[in-house]
Amino acid sequence: MVWDCACGSGQATAALAGRFALVIATDASAEQLTHAPALPHTIWQVAPAEASGLPDASVDVVAIAQALHWFDLSRFWPEVRRVVRPGGLIAAWSYGPQRVAEPRVDALLTDFYTSTVGPFWPAERRHVDSGYTTLAFPFERLAPPRFAMVQEWALPQMLGYVRSWSATQRYRTSEGRDPVLELEPRLSAAWGAGTHEVRWPLTVVAGTIGVD
């Protein structure tokens, strides 16, 4: 049994459902769960990460996809210890800024991320950028293999992705203009024709829950 904590609309839940006998997928937002897909042996519940409502020692694994940096860890870690069976696992993962194989493109996107819209990222974003090294992790660590998400994208896909960033949207609200329109001509000149490999390194923090 796995607890998919802060599951959102279920992007990670679907993969977990293919590997576990039972998935309890929780999110603090009832609205998010309305977008979740129908999945076998999966139970969807509205609950915050820090108060899951799960029975003591009831799950084998806690999985957290792109969400650990939002939690009140002073309350979440005790909740993990309470619901996980002794010897069980916790795994949290996130992806940081993309890297593009073309150096000129990569430099422009990095500057846009850190300088143009940088002030508009929420404070918690610093934990993602640091690869979760700024978060305490009070469990016996495991050493997972390296992972990355990789896509082959054309320019319109990259522009759409950059425009979807929460920081980009906050910039538009605050400044009254779309910063991607200013980025587009410079990015187009550097991009050229065709596609480029886009890679998002995945941070995976995993550990075992000790036996008292």
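Which loop, between which two strands, holds A57? Let us use that as a warm-up and work on from there.

The model is predicted, so local features need pLDDT of at least 70 and side-chain atom pairs count only at pLDDT 80 or more, while totals for chains, interfaces and linings use all residues. Residues are numbered from 1 along each chain as its sequence is written, and side-chain values use heavy atoms, with hydrogens and water left out.

**Exercise 1. Locate A57 and H41, and describe their backbone and exposure.**

Step 1. A57 sits in the loop between β3 and β4 (59-65). Helices (H or I, at least four residues) and strands (E, at least two) are DSSP runs, numbered from the N terminus.

Step 2. A57 is not a glycine, yet its phi is positive, near 45°.

Step 3. With 36% relative accessibility, A57 counts as partly exposed. Here buried means under 20% relative accessible area, exposed over 50%, and partly exposed in between (1.4 Å probe, protein chains only).

Step 4. Now for H41, in the loop between α2 (30-33) and β3 (42-46). Its phi is near 35°, again a positive value in a residue other than glycine. H41 is partly exposed as well, at 38% relative accessibility.

**Exercise 2. Give an overview of the chain.**

Step 1. Start with secondary structure: the chain has eight helices and nine strands.

Step 2. Next come the dimensions. Along its principal axes, the C-alpha trace spans about 60 × 35 × 30 Å.

Step 3. Of the 212 residues, 45% are buried. The chain exposes about 10700 Å², and carbon and sulfur atoms supply 55% of that area. Accessible areas come from the Shrake-Rupley method with a 1.4 Å probe; for residues, only the protein chains shown count as cover.

Step 4. Finally, look at contacts (heavy atoms within 4.5 Å). Among those with a separation of 6 or more, 72% link residues 24 or more positions apart.

**Exercise 3. Analyse the packing of α4 with α8.**

Step 1. Helix α4 (residues 103-116) and helix α8 (residues 179-191) have axes 9 Å apart, at an angle of about 165°. Axes are lines fitted to C-alpha atoms, for helices over the stretch in contact, and angles run from 0 to 180 degrees between N-to-C directions.

Step 2. The angle makes α4 roughly antiparallel to α8. Angles under 35 degrees count as roughly parallel, over 145 as roughly antiparallel, 65 to 115 as roughly perpendicular and the rest as oblique.

Step 3. From α4, the contact residues are R104, V105, L108, L109, F112 and T116; from α8 they are P179, V180, L183, R186, L187, A189, A190 and W191.

Step 4. Sorted by class, this contact has eleven nonpolar, one polar and two charged residues. Ala, Val, Leu, Ile, Met, Phe, Trp, Tyr, Cys and Pro count as nonpolar, Asp, Glu, Lys and Arg as charged, and the others, Gly among them, as polar.

**Exercise 4. Repeat the analysis for α6 and α7.**

Step 1. The axes of helix α6 (residues 155-164) and helix α7 (residues 166-175) come within 5 Å and cross at roughly 70°.

Step 2. This crossing makes α6 roughly perpendicular to α7.

Step 3. V162, R163 and S164 of α6 meet S166, T168, Q169 and R172 of α7. By class, the contact of α6 with α7 has one nonpolar, four polar and two charged residues.

**Exercise 5. Trace the surroundings of H69 and E124.**

Step 1. H69 lies in the loop between β4 and α3 (73-83), and its relative accessible area of 7% makes it buried.

Step 2. Not counting neighbours within four places in sequence, H69 contacts E124, H127, V128, Y132 and L135. The C-alpha atoms of H69 and L135 are separated by 7.7 Å, with their positions 66 residues apart along the chain.

Step 3. Turn to E124, in the loop between α4 and α5 (125-129). E124 counts as partly exposed, at 29% relative accessibility.

Step 4. Beyond neighbours within four places in sequence, E124 is in contact with H69 and W70. The C-alpha atoms of E124 and H69, 55 residues apart along the chain, are separated by 6.0 Å.

**Exercise 6. Is Q98 buried or exposed, and what does it touch?**

Step 1. Q98 is in the loop between β5 (84-95) and β6 (99-100).

Step 2. Its relative accessibility is 2%, so Q98 counts as buried.

Step 3. Leaving out neighbours within four places in sequence, Q98 touches D106, L109, M158, Y161, W165, V198, R199 and W200.
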